[in-house]
Amino acid sequence: MNYFIQNCNNPAVPAEIRNNYIGLAKFFRAYFYFDKLVRFGDVPWYNKPLDVGDTTLLYKGRDSRTVIMDSIIADLDFAASHITDISDASRSQVTKTVVWGFKSRVCLFAGTFRKYQTTYKLGSSADKYLKMAAGAADSVIKSGIYSLNTAGDQPYRNLFISESPVSSEIMLADVSSVSLAKYNDANWYFTSATYGSRFSFTRTFINTYLMRDGKPFTDLPGHDTMVFASEVKNRDLRLQQTIRMGDYQRISGGNKVAAPPAFSYTYTGYMPIKWTLDDMYYDGGSLNTNSVTLMRYAEILLNYAEAKAELGTLTDQDWQLTVGALRARAGITGGLDAKPTAIDAYMQKTYFPDVSDPAILEIRRERGIELCLEGFRMDDLIRWKHGELLELPWNGFYVPALNKPLDLNGDGVLDVSFYTTAPSSKLSGVTYIDVSKQPQTLSNGTKGELHWLDNVPRVWHDYQYLYPIPYADLQVNPDLKQNPGWEE
């Protein structure tokens with residue numbers, strides 16, 4: 001990128017065209033450096049290609065977080081000023097609006113990191129970046145190019161399973177192509193017992209999905225002992241577009257078949273479907289034709305809302321435009337027109353005891369739900385300084401009794417049964433799960449929430465907010481120095 005920027009200087013090419021491509025190169029340089037900043041903190045900044053004799057630069061130490069952020073912002077501002085296209089119909093190109101969107105992401109991270117990661121003593125500059133985040137997001141909003149997708153009977157999930165990016169909402173995507181044999185492996189990853197990570201949502205998180213009337217699920221009497229088929233009813237519509245539940249069906253050999261959570265895959269019962277195609281044909285390899293979303297308008301709305309809330313300037317109108325609109329798309333009817341004034345005790349106690357602003361709590365709830373499985377959560381925990389949430393147990397749905405087969409999707413067919421002593425006879429079609437010992441148990445022994453790997457310690461240390469500098473790099477350049485806490 002540096003080589004291109006330095007050598008894109010042919011006077012035969014009009015300056016506007018050269019600057020367009022230099023802007024693209026600077027965007028990707030900013031993208032590269034933001035990833036390194038989040039991962040390692042201070043890193044060496046290079047804004048030119050190194051010559052053979054530049055050994056002093058090659059072996060220099062790290063530049064400060066402030067230098068890196070200022071350089072990233074300068075690159076993004078240049079890109080936004082000089083990239084000529086404001087949007088792209090294919091949603092596969094970097095345009096002005098994508099640059100603004102990425103700047104809102106970068107600056108929201110920087111502003112909240114400075115506010116909550118107080119040991120860096122950078123809090124005085126937090127508002128500067130939060131204002132930049134809000135301003136960049138506002139530029140996307142005011143462009144008028146994007147809107148939330150509301151078409152079809154599953155407008156949320158369609159964003160993640162469509163072959164062509166849903167252009168109303170998707171701003172940038174990795175586009176698949178049957179004609180070019182450009183596929184991804186989402187189905188294989190999310191349905192295989194051996195290939196993927198067997199991602200399963202925890203009950204702690206599923207509890208954050210609101211009821212359709214906008215009230216917290218955790219306010220319902222007896223919510224903690226509801227069985228799966230009951231707890232998923234009348235909830236935020238994104239829940240049924242994110243996990244297997246209710247009348248969800250898959251296609252096998254051209255025929256629709258019931259598809260409750262499959263315990264050959266899920267550990268908790270909350271099995272993702274957000275990125276998977278319904279036809280089982282795609283399950284066996286890199287066959288998926290759906291495009292992978294890299295940036296969408298919903299994120300920009302959430303960036304705007306959070307930045308404004310952190311600045312203390314969020315208005316009811318802002319709430320309607322952002323969180324209210326997202327919840328309306330999800331079928332929620334209450335709390336859409338004005339920012340909240342009451343704290344949700346579950347969100348505060350379970351996740352963010354340091355937050356007393358109801359709007360910030362609800363925006364964080366919304367961000368977790370709307371953007372789940374899109375690659376944001378770890379960065380969010382870093383900037384909010386809540387890495388300790390990774391210590392929470394991996395809990396699943398409630399099991400009322402042993403040896404009592406459960407109907408998970410309400411179709412009258414029994415699906416799964418849990419035991420500590422294997423039954424002498426087993427019902428056809430029922431999956432039997434041993435919960436007599438680790439790794440899978442029930443919280444109260446003979447009943448309770450499913451728990452996975454309680455025997456594996458999960459301990460968070462604050463030095464883990466940064467990755468260690470790789471040992472091989474320190475051997476080559478000792479002046480990089482190791483990040484604190486990783487020295488031994």
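How many salt bridges does a search of the whole structure find? The search turns up 31 of them, and a few get their own close-up below. Keep in mind that this is a predicted model.

**View 1. Lys142 and Asp138 form a salt bridge within helix H6.** The closest N and O atoms of Lys142 and Asp138 sit 3.0 Å apart. Both residues belong to helix H6, which covers residues 126-143. They are four residues apart, or about one turn of the helix. Lys142 counts as exposed because its relative accessibility is 65%, and the cut-off for exposed is over 50%.

**View 2. Arg203 and Glu449 join up in a salt bridge across distant parts of the chain.** Here the N to O distance is 3.3 Å. Arg203 comes from helix H9 (residues 203-206), while Glu449 comes from strand S10 (residues 448-452). That puts the partners 246 residues apart. Are they buried or exposed? Arg203 and Glu449 are both buried.

**View 3. Arg365 and Glu362 make a salt bridge inside helix H15.** Their side chains meet at 2.8 Å, N to O. Helix H15 runs over residues 358-370, and because the two are three residues apart in it, about one helical turn separates them. Arg365 is buried, and Glu362 is too.

**View 4. Tyr463 and Trp486 pair up edge-to-face.** On to the rings: searching the whole structure gives 32 aromatic pairs. In the pair formed by Tyr463 and Trp486, the centres are 4.9 Å apart and the planes make an angle of 85 degrees. This pair links distant parts of the chain, 23 residues apart. Tyr463 lies in the loop between S10 and helix H17 (471-476), and Trp486 in the segment after H17. With 34% relative accessibility, Tyr463 counts as partly exposed. Trp486 is partly exposed as well, its relative accessible area being 26%.

**View 5. Ring pairs tie a set of Phe and Tyr residues into a cluster.** Which residues should you look for in this cluster? They are Phe27, Phe28, Tyr31, Phe34, Phe102, Phe109, Phe113 and Tyr120.

**View 6. Arg39 lies over the face of Tyr467.** Look for Arg39 at 4.2 Å from the centre of the Tyr467 ring.

**View 7. Arg364 places its charged end over the ring of Phe352.** The distance from that charged end to the ring centre of Phe352 is 4.7 Å.

Methods:
Residues numbered from 1 in each chain as written. Predicted model: local features only at pLDDT ≥ 70, side-chain atom pairs only at ≥ 80, totals over all residues. Heavy atoms only, no water. Salt bridge = Lys/Arg side-chain N within 4 Å of Asp/Glu carboxyl O. Buried < 20%, exposed > 50% of the residue type's maximum accessible area, 1.4 Å probe, protein only. Phe/Tyr/Trp six-rings, centres within 6.5 Å; stacked < 30°, edge-to-face > 60°. Lys NZ or Arg CZ within 6 Å of the ring centre and 35° of its normal.
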